[in-house]
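Here are a few notes to help you find your way around this structure. Have a look at the model first, then walk through the points below.

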Amino acid sequence: MSAQTADQVSTIFAGSYINKLSGEQIEHECRRKLDAGCRELTLDFSQTELVNSIGISILLGVIDVAEKNGAKVVFSEMNEDTVELFEMLGLTKHVTIQ
Amino acid sequence: MNEPDNKLIHAFGALAELGHEITNRNNFQETIRTSLHLLSGALGIRRGAIARYSRFAHELNMLAVRALGDEFPLTLGLTTEDERQFLAVGLNPIEVAQARVLPFFQVYDASFENKRLELLVPLVVREEIVGAIFLGEKATGETYTSYDKDIVCAMGQHIGVAIAQRNLMAEIERRSEENRQLFDEMRSTYHDTVKAFATAIDCKDKYTEGHSVRVGKFTEIIATELGWGPDETEGAAVAGYLHDVGKLTVERKIINAPYRINAKESAELNKHPAVGYEILQPIHHPYTDVPLAAKYHHERLDGRGYPDGLYDREIPYIAKIVNLADSFDAMTTDRPYKSRRPAIDVVEDLHRNSGRQFAPEIVTAFLSGMFKELNGDDRGRRFRRLLGRDYMEAEGLAEKIKFTLNELAPTTPMTYVAAAGIGDQPIL
């Protein structure tokens, strides 16, 4: 996982497998960016091949925290399977897809 | 693959991970937190909580909470009616609209409404309430289907079992602690009884007041110096306290005779080790050697002791320790027919009789303890308290003990054996 920030817009690059460990790293980084005043949080899934249930739950938590902070969440570069999974579980209803 | 198939595969994956999480011996709190993540992630649930039920306090205490905010109550009190309803429903999800009839729900309804809770799942394992799961809205915005509820039930069963196991462990730990306390109390009672016996024995002999208690303490010192563990040392002390219990049956006039007793009286007095054994043997002591210490504490390595004239290796080790402690106390206290002997004389006596009456390593252990106190290595003042400061600070005593220890240390002790043709000759 890595991240970059410019003009209150942060991009976090997720790894290949989002599970408890990597999910919590993403969550921690997102909270840190939001606390620092980030207004738009982009999660880049270009490297992501698999997301497990814990990963889903953590991403839902990120969406919740971002909403409370008035920040926009963008999911980008998802592969077909990830889009299908996120749509099935309703995550895509709460984020902007790029 | 159609959507229901995908959902099923995803939910099965979560269920498998939940089983793995619960069967692993992870931190319980972390297991519950992960379980909530898995349940939420399996169905895309935005918020929720898992609570554990305290049947003593009649409360649900939150173990894991997700996205319900700081104001969500962490403890929820249940009424008897709530408990009855929970047990009647069993491990089945209750929709919030139905749950509103429950008394506890009415108390917290505002909090639940505000957090958009949709399902309440009582966790009932073996007809006992162990907790509850609270679930908020799904990210899809759709209501829970019967399929969703089946998944929640399946995962709830795993979580309920995890909480029940934890409760069981806590109960075992609590009972174990209770047993430990009970054991400590019994042990304390046992020791108080032993000391009371020692005092009773000593009361019979007006000239040797405190003898049994002192022998107990000297025995304890020797065991400590020999490097025995706490339980064994405690056992040794008990053996010392009770070694003369047989004297309770000896006539007072013999014990308190202000002269050297005659042969008949001596024979009567010499029965006390065997009588002591008879008294102590039927009692279940935590330390097995206590009766043997009473029976053989007048035996000598060279076979000239009583009651059985045993030789070195035939004498139980604890009896050898008590023998030294008993003899030392006899030499260092005033008797009706003779005064206590000077400390240096006593050390010489121990040295002279080492290998004859006393086991050399026991003499070494005893004198080492004394020497450590005299040269300041041991600040416990154990000997000073038992013998008096003046007695312990006799001129030249430390040097005498040091010399004796050097004399005793490198030698191999003589060993006496009882065998035909050898008699009581020492085997070198």
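1. A good place to start is a pair of helices in chain A, keeping in mind that this is a predicted model. The axes of helix 1 (residues 20-35) of chain A and helix 2 (residues 53-68) of chain A come within 9 Å, crossing at roughly 10°. Angles under 35 degrees count as roughly parallel, and the two helices are therefore roughly parallel to each other.

2. Which residues bring these helices together? On the helix 1 side of chain A they include A:G23, A:I26, A:C30 and A:L34, and on the helix 2 side of chain A they include A:I54, A:I58, A:V62 and A:V65. Sorted by class, this contact has eight nonpolar, three polar and four charged residues.

3. Now turn to chain B, where six strands form an open sheet in the order 3-2-1-6-5-4, with antiparallel pairing. Its edges are strand 3 (75-77) and strand 4 (94-95) of chain B, each pairing on one side only.

4. At one of those edges, strand 4 of chain B pairs with strand 5 (residues 117-125) of chain B over two bridges, in the antiparallel sense. Here B:E95 has B:L119 in strand 5 of chain B as its bridge partner.

5. Helix 6 (residues 146-204) of chain B lies across strand 1 (48-54), strand 5 and strand 6 (128-136) of chain B. This helix runs at about 50° to strand 5 of chain B.

6. Finally, how do the chains meet, and how many residues does each bring? Chain A contributes 19 residues to the contact and chain B 21 residues. On the chain A side, helix 2 gives the most, with nine residues. The chain A residues divide into eight nonpolar, seven polar and four charged.

How values were computed
Residues are numbered from 1 along each chain as its sequence is written. Chains are lettered from A and ligands numbered from 1 in the order in which they are written. This is a predicted model: local features need pLDDT of at least 70, side-chain atom pairs count only at pLDDT 80 or more; totals for chains, interfaces and linings use all residues. Axes are lines fitted to C-alpha atoms, for helices over the stretch in contact, and angles run from 0 to 180 degrees between N-to-C directions. Helices (H or I, at least four residues) and strands (E, at least two) are DSSP runs, numbered from the N terminus. Angles under 35 degrees count as roughly parallel, over 145 as roughly antiparallel, 65 to 115 as roughly perpendicular and the rest as oblique. Two residues are in contact if their C-beta atoms, placed from the backbone, lie within 7 Å. Ala, Val, Leu, Ile, Met, Phe, Trp, Tyr, Cys and Pro count as nonpolar, Asp, Glu, Lys and Arg as charged, and the others, Gly among them, as polar. Two strands pair if DSSP finds at least two bridges between them.
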